[in-house]
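Open the model in your viewer and keep the selection panel at hand. We will go from one residue outwards, then step back to the whole chain.

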Amino acid sequence: MRPERNEGRYVFASVPGAVPEGLTPVVTVSEPEGRTLVVHQEEADRAGLAYDYVAAWITLRVHSALDAVGLTAAVATALAQAGLSCNVVAGFHHDHLFVPYDAADEALRRLRALADQA
């Protein structure tokens, strides 16, 4: 699984239309209620975006197939057992986890332990 933490603090924000100038989201999701952006906290602050969840971004460096069964469930279960929230985004090459920023080290420890069991 090889979990690797990306530098920085990330937040989830919602905007009513296109991505505002000056923002470089690492994730975008279009929903009827608006466009969800995951951006560096500093970018959100500069743009005056509202958010309430500050996350660390962890990438699972294993190449995961989009039709694989069970990886997300195993990861979510391991983190839930530690009382940690986890927001998962599947990319074409890797899965990406957004966990509470202050609990990132514990999340990495749990993910590495899960990988060692496999």
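Select Y101 and show its neighbours. Leaving aside residues up to four places away in sequence, Y101 touches R5, G8, R9, V54, A55 and A56. This is a predicted model. Y101 sits in the loop between β6 (95-100) and α3 (104-117). Is Y101 buried or exposed? Neither: its relative accessible area is 25%, so Y101 is partly exposed. Now add G70 to the selection. G70 and Y101 are 31 residues apart in sequence, and their C-alpha atoms are 25 Å apart in space.

Next, display the aromatic side chains. How many aromatic pairs does the structure hold? It holds five. Pick F12 and F98 from among them. Their ring centres are 5.7 Å apart and their planes meet at 85°; with planes over 60 degrees apart counting as edge-to-face, this pair is therefore edge-to-face. The pair links distant parts of the chain: F12 belongs to strand β1 (residues 3-15), F98 to strand β6, and 86 residues separate them. Colour the two by accessibility. F12 is partly exposed, at 25% relative accessibility. F98 has a relative accessible area of 0% and is buried.

Stay on F98 and bring in W57. Here the ring centres lie 5.9 Å apart and the planes are at 20°, so W57 and F98 are stacked. W57 is in strand β4 (residues 54-60) and F98 in strand β6, so this pair ties together parts 41 residues apart in sequence. W57 and F98 are both buried. Now widen the selection to Y10, F12, Y53, W57 and F98. Ring pairs link these residues into a cluster.

Switch to the cartoon and trace the protein chain. There are three helices and six strands. From the N terminus, the order reads β-β-β-α-β-α-β-β-α. Turn the model along its principal axes: the C-alpha atoms fill a box of roughly 45 × 30 × 20 Å. The radius of gyration is 15 Å, which agrees with the value near 13 Å for a compact globule of 118 residues.

Display the contacts next. Of those with a separation of 6 or more, 68% join residues 24 or more positions apart. Buried residues make up 36% of the chain.

Finish with the surface. About 6900 Å² is exposed, and carbon and sulfur atoms supply 51% of it. Colour by charge to end the tour. The protein chain carries 9 positive and 15 negative side chains, and the centres of these two sets lie 6 Å apart.

Definitions and conventions:
Residues numbered from 1 in each chain as written. Predicted model: local features only at pLDDT ≥ 70, side-chain atom pairs only at ≥ 80, totals over all residues. Heavy atoms only, no water. Helix = DSSP H or I, 4+ residues; strand = E, 2+ residues; numbered from the N terminus. Rg over C-alpha atoms; globule rule 2.2 N^0.38 Å. Buried < 20%, exposed > 50% of the residue type's maximum accessible area, 1.4 Å probe, protein only. Contact = heavy atoms within 4.5 Å. Areas by Shrake-Rupley, 256 points an atom, 1.4 Å probe, with all protein chains shown as cover. Lys, Arg positive; Asp, Glu negative; His and termini not counted. Charge placed at Lys NZ, Arg CZ, Asp CG, Glu CD. Phe/Tyr/Trp six-rings, centres within 6.5 Å; stacked < 30°, edge-to-face > 60°.
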